[in-house]
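Got the sequence and the 3D view open? Let's walk through this one together, question by question.

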Amino acid sequence: MSKNDSYDVSTIRARSSVYMSCDLHDGIHRNQNEVLILLICLLVPLRAFKETVRCYKKFSTYVFRHGDRTPTESYPNDPYRDYKWQGGWGALTKEGMVRMYNIGQWIRNEYGSIIGNKYESDLSLTQSTYADRCIMSAQVLLAALYPPNTEEIFVPGLMWHPVPVHSTPRHLDKTIVVKAPCPRLEKALKEAYANESKHPESPSAEYFQELSNYTAKNISTITDVEFLYNILEIEERNGLKLPEWTNKYYNQHMREIAARSLAIFTSNTLQQRLRGGPLLQEILERLHAFNDGQDTRRTYLYSAHDITLVNLLRTMGFTNEYFKPDYGSTLIFELHVASNSADTELKLMYLNDTEKMTLYHMNIPKCGTPCRLKTLTKLWKDVLPENWDDECLLLLIYEMFSWLSRVESGKQDLFENVADGLKKIYKSKLLPLEQHYQFQDFHSPQLDDPDFDAKPMILLVGQYSTGKTTFIKYLLERDFPGIRIGPEPTTDRFIAVMYNENERVIPGNALVVDPNKQFRPLSKFGNAFLNRFQCSTVASPVLKGISIVDTPGILSGEKQRVDRGYDFTGVMEWFAERVDRIILLFDAHKLDISDEFRRLIEALRGHDDKIRIVLNKADMIDHQQLMRVYGALMWSLGKVLQTPEVARVYIGSFWDQPLRYDVNKRLFEDEEQDLFKDMQSLPRNAALRKLNDLIKRARLAKVHAYIISALRKDMPSVFGKDTKKKELIKNLGQIYDQIQREQQISPGDFPDLKKMQESLAHHDFSKFNTLKPKLLEVVDNMLVKDIAQLMSMIPHEEIGTTSDSLVKGGAFEGVEDQVSPFGYKRGEGIDAGAGEPEWIVNKERYKYNLMFEKLGPCDGKITGAAAKSEMVKSKLPNNVLGRIWKLSDIDKDGFLDSEEFALAMHLIHVKLEGYDLPAELPDHLVPPSKRDT
């Protein structure tokens, strides 16, 4: 993590924006401005006012961290272990009280018009966690927020009166700190710590050991480091001199580790849903209740901890940075409700600098600007629990049934996750069969843990100068170490482009001895290959979800006769077996498939489900030439792929330069979207792909065992071994047929006959093992029971997918771009008119009005039959016209007025232009007169 990743005041200041509306939110003279605007509202004529100023009712929710505190714990070597802290351990200090009192005054000054001049139970509610420092912080803040007036003073001279603070016992809290028992959260946290230990930015074992030595306390997790940092920070703030060893460790790096510790509790969707989701759901429900007129309270306050604010922020989608909220830091949810309810807007503000009381505006990820309240319900649906108790108990129920199943079979295991299960069943059940029949010598090397833990990989294959390296640059939107781009075979090596904060090039010989990488089996291809193999590590967000392998350009003509010095096809087969996608790139100017390329494509058979074909540089030819090139490519591929299905070809120009011929720009955009969405799905489907590959490997291993044992059975014991061996190899096809009949095995499960014959020529058949039914039974049981168990875990594991595993950043940002006007299909079709002041339908309204008048409206409306007579002229199917009617009949009265009819005709036009209809009518298409209803 870089220094900029910690979400401190300076980071927020760089990201903040000043908001100006009729309430002049950030003005220091807020109260005077509100009075001024109130006068404007009273004095300006209503019609003119509607055109210039919008006045808002407002609702606000505050979630704040408690004030400064004393340490909650110490460590054995702490020189202040016996220090007498005022108030005891974890107590609110006087400095903390002053801070919270100042925040209360600031809220009163900034939001007094919402909160009111005095406390009223039907206008505000304050909740706190169980901790004394949180309850006391709330009480101090409320003392400043609601100072007593003359009537409320009950002791002369005491300028305070009680305001209730509600709290829940720690073990029952399911909303703010979420300390109620939840087995799924406990399990998810263990997994998060395990994943954190493998993270490239995780502290080293030496770092933990050195801290343990200095403190005489076991420091083994980033949370241990966070607790230590908090102790040192409090001691320093209180003027206590820290030990000398802290000069090396108590620094920004330790603060960043502490911030990572706070984030680990919401590192995936499941944790966000069950830990941050309950409070976010309560806040969202109260926003809706106020907006719908079902709640009279205008203010809610939550007194909580730093972890509460972090949980909320990350659950809302702020997962690209780490937060370390200071004492008193406050999240403020402002609801701006216009007279037109369609304009209901939520603004999120962050008060992190409580010394200067500077407020920062935060844009809620993917909500857009302005952020509509109704958008959030859909946006956050995956992180809002439906039933917290039931979802927490899902793990217990699952384990109970797994235990019962295991008792019945006496064998079935429990797995922590899919990857863990694949490792266990491979090593314990499939690997013994492979080793017994020398599977690795014939087909594929033994699998290691990195093969199961690795991120999804994409293999780029193509003849030279088809744009493979440029394709990677286009995805990352940047260069990577070792990149070379040119018209001739500039990439003469295999380059694995992977994520790491330290950008560098790792040579092949060093790469294959790294136990944490999946490339160790590649050492069998020798130094000639390893000298042509490297890993380029890049700090690109794209590579947090996937890794990409660039390959040497396939040679053509005379060049393909030159020996590369290593088994090029064998290397490609090894990668093909382990990657998640194989992208074959073709140049629109060079469609000839060389002999080497043909052999390579043939070697990729059996991995057809992974192959995607890209016709690159398609902008260099016009649309007529493109049609011919596409046909020629399909013809060439049909001869090589030899499949009855037509291969899917993605057409485009994957680089960042202007298009030479832009007549096909829309086609290129559509194709790029389809390809990128396919690539984005890889992390989500990674577990399923690995499961599928293991099943294919198990089926092949079974067939291999039958073949090897059949060959061993037919070998003579003493004489004529060489002659019999040659005979068996020659008649291997007949052995295939016999095994197929006897074991009822599909022909597709057998290895390639020619390759198997070539491999068998180098082996001594007399050393083969005979058939061991027990080994085969174990594998059959694995396929029936263990694989089925892992399959059932995949949907649950997808819910807990970490944010780091999603493909984002680089060119992938354009796939979900709903912010800039250059997003995919922005301003087109149903999106046309979004963000514009005038209703888009008005542009053709004069034509629609003429049609409407000809249909004989009565009381300003036409019947369904009259509307149908005009709408059917579009020749659209009745089911499509039915959807258009439902979208257009805003008030659901079975009639259409002139605006609704114009909307219907506009939607018909959109559909006829080839665009899809929405499931719900977007805000910008709602007729102006209907936006209040």
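Q: How much area does the protein expose, and what share of it do carbon and sulfur atoms supply?
A: Keep in mind that this is a predicted model. The protein exposes about 44600 Å². Of that area, the share supplied by carbon and sulfur atoms is 52%.

Q: How many helices and strands are there, and what part of the residues is buried?
A: Going through the protein, you'll find 33 helices and 19 strands. There are 933 residues in the protein. A residue counts as buried under 20% relative accessible area, and the buried part comes to 52%.

Q: Among contacts between residues at least 6 apart in sequence, what share joins residues at least 24 apart?
A: Start with the contacts in the protein whose residues are at least 6 apart in sequence. Then keep those that join residues at least 24 apart, and the share is 76%.

Q: Is strand β3 mostly covered or open, and which residues point each way?
A: β3 spans residues 124-128, and 5 of its 5 residues are buried, so "mostly covered" is the fair description. Leu125 and Gln127 point one way. Pointing the other way, and buried as well, are Ser124, Thr126 and Ser128.

Q: Which residue of β5 is the bridge partner of Ser128?
A: β5 covers residues 299-304 and pairs with β3 in the parallel sense, over 5 bridges. Look along β5 for the residue bridged to Ser128, and you land on Ser303.

Q: What is the handedness of the crossover from β3 to β4?
A: β3 and β4 (residues 166-167) run parallel and are joined by 2 bridges. One partnership here links Gln127 with His166 of β4. Between these strands the chain passes through helix α5 (residues 132-145), and this β-α-β crossover is right-handed.

Q: Why is strand β11 largely enclosed by the rest of the structure, and which residues lie on its two sides?
A: β11 runs over residues 494-499, and it is largely enclosed because 6 of its 6 residues are buried. Both faces are covered. One side has Phe494, Ala496 and Met498, and the other has Ile495, Val497 and Tyr499.

Q: Which residues of β13 and β14 are bridge partners of Ile495?
A: β11 pairs with β13 (residues 533-538) in the parallel sense over 6 bridges, while 3 bridges join β11 to β14 (residues 547-550), which runs antiparallel to β11. In β13, Ile495 has Gln534 as its partner. In β14, the partner is Asp550.

Q: Why do the buried residues of helix α30 sit on the same side, and what arc do they cover?
A: The buried residues of α30 (residues 845-854) are Arg845, Tyr848 and Phe852. They sit on the same side of α30 because the arc they cover around the axis is only 65°.

Q: What do the buried residues of α30 pack against, and which exposed residues are on the face turned away?
A: The buried residues of α30 pack against β18 (861-862), β19 (896-897) and α33 (898-912). Turn to the face away from that buried side, and the exposed residues are Tyr846, Leu850, Glu853 and Lys854.

Q: Which residue with positive phi follows α30?
A: Follow the chain on from α30 and check the phi, which is near 65°. The residue there is Gly856.

Q: Which residues does the "domain: EF-hand" annotation cover, and how far apart are the end C-alpha atoms?
A: According to an unreviewed UniProt entry, the annotation covers residues 876-911. Over that stretch the chain is 69% helix and 6% strand. The distance between the end C-alpha atoms is 9 Å.

Definitions and conventions: Residues are numbered from 1 along each chain as its sequence is written. This is a predicted model: local features need pLDDT of at least 70, side-chain atom pairs count only at pLDDT 80 or more; totals for chains, interfaces and linings use all residues. Side-chain values use heavy atoms; hydrogens and water are left out. Buried means under 20% relative accessible area, exposed over 50%, partly exposed in between (1.4 Å probe, protein chains only). Helices (H or I, at least four residues) and strands (E, at least two) are DSSP runs, numbered from the N terminus. The arc is that of the directions from the helix axis to the C-beta atoms. Contact means heavy atoms within 4.5 Å. Two strands pair if DSSP finds at least two bridges between them. A crossover is right-handed if, with the strands pointing away from the viewer, the path from the first strand over the helix to the second runs clockwise. UniProt positions are given in the numbering used here, feature names are shortened, and annotations may be inferred rather than shown by experiment. Accessible areas come from the Shrake-Rupley method with a 1.4 Å probe; for residues, only the protein chains shown count as cover.
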